[in-house]
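Reader: I've just opened this one and I'm new to it. Could you walk me through how some of the labels are earned?

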Amino acid sequence: MWVKMAFTFQINNDIQFIHNEKFLTKAEENRPAIQTETIVPNRLVDVVDDVTKLNNIGVVTSEKNIENLQEFGCKRNAKLILDFGDHRVGTFQIDIDQKGSQMDAPLYLRIKFAEMPCELAAESSDYDGWLSRSWIQEEFVHIDELPVTLKLPRRYRITKNL
């Protein structure tokens with residue numbers, strides 16, 4: 001049985017907003033300064049089956065050493081999961097350089113941010129919920145030249161204790 005649901009709760013074509021300039025000015029005068037901090041991952045982890053965790057997915061500390069992160073070379077289909085050890089919201093930036101021979105094709109990255117380990121194991125393309133798929137914290141990036149400092153423009157959420 002096919003059921004089509006129309007979500008129109010976000011569409012309000014007949015509403016005209018009245019902007020109170022006094023309130024807007026007061027809000028702007030009291031805008032808090034955004035605090036920034038540079039953080040680095042504290043460990044590398046691997047996804048594992050764990051019946052004690054949500055959706056039976058957990059993580060364990062990887063055999064790859066976080067201390068050698070700059071030396072880590074990624075090959076086709078390589079995965080690297082960075083654990084920041086705490087709940088964070090912010091922008092993401094990473095320096096990427098080549099190792100070995102010159103690039104003969106663009107670097108293709110799939111970057112996924114997660115609050116729970118089960119999000120790392122889930123395939124985003126399989127999502128069929130009522131929220132827009134655009135809320136999934138995932139980016140696909142092609143990089144033509146290395147070295148580069150990749151700066152993602154959106155803000156992302158990660159959580160502690162993956």
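Author: Sure, here are a few labels and the reasoning behind them; keep in mind that this is a predicted model.

Reader: Why is Tyr127 called partly exposed?

Author: Its relative accessible area is 31%. Buried means under 20% and exposed means over 50%, with partly exposed in between, so Tyr127 gets the middle label. You'll find Tyr127 in the loop between α2 (117-121) and β6 (138-143).

Reader: What makes Tyr127 fit for a surface patch?

Author: Patch residues need over 30% relative accessible area, and Tyr127 has 31%. Together with Trp130, Leu131 and Trp135, Tyr127 makes a nonpolar patch of about 490 Å².

Reader: And Asn56 and Asn77, how do you know which is exposed and which is partly exposed?

Author: Asn77 has 70% relative accessibility, and exposed means over 50%, so Asn77 is exposed. Asn56 has 41%, which falls between 20% and 50%, so Asn56 is partly exposed. Asn56 is in the loop between β1 (43-49) and β2 (57-61), while Asn77 is in the loop between β2 and β3 (81-83). Phi is positive in each: about 60° for Asn56 and near 65° for Asn77.

Reader: What makes the bond from Leu146 to Pro147 cis?

Author: Its omega is near 0°. Pro147 is in the loop between β6 and β7.

Reader: How do you know that Leu146 is buried?

Author: Leu146 belongs to the largest nonpolar core, which has 12 residues. A nonpolar core is a set of buried residues, so Leu146 must be under 20% relative accessible area. β7 (148-158) gives the most to this core, with 4 residues.

Notes
Residues are numbered from 1 along each chain as its sequence is written. This is a predicted model: local features need pLDDT of at least 70, side-chain atom pairs count only at pLDDT 80 or more; totals for chains, interfaces and linings use all residues. Side-chain values use heavy atoms; hydrogens and water are left out. Patches are made of residues with over 30% relative accessible area and no salt bridge: like charges are joined within 9 Å, nonpolar side chains (Val, Leu, Ile, Met, Phe, Trp, Tyr) within 5 Å. Accessible areas come from the Shrake-Rupley method with a 1.4 Å probe; for residues, only the protein chains shown count as cover. A salt bridge is a side-chain nitrogen of Lys or Arg within 4 Å of a carboxyl oxygen of Asp or Glu. Helices (H or I, at least four residues) and strands (E, at least two) are DSSP runs, numbered from the N terminus. Buried means under 20% relative accessible area, exposed over 50%, partly exposed in between (1.4 Å probe, protein chains only). A nonpolar core is a set of buried Ala, Val, Leu, Ile, Met, Phe, Trp, Tyr and Cys residues joined through side-chain atoms within 4.5 Å.
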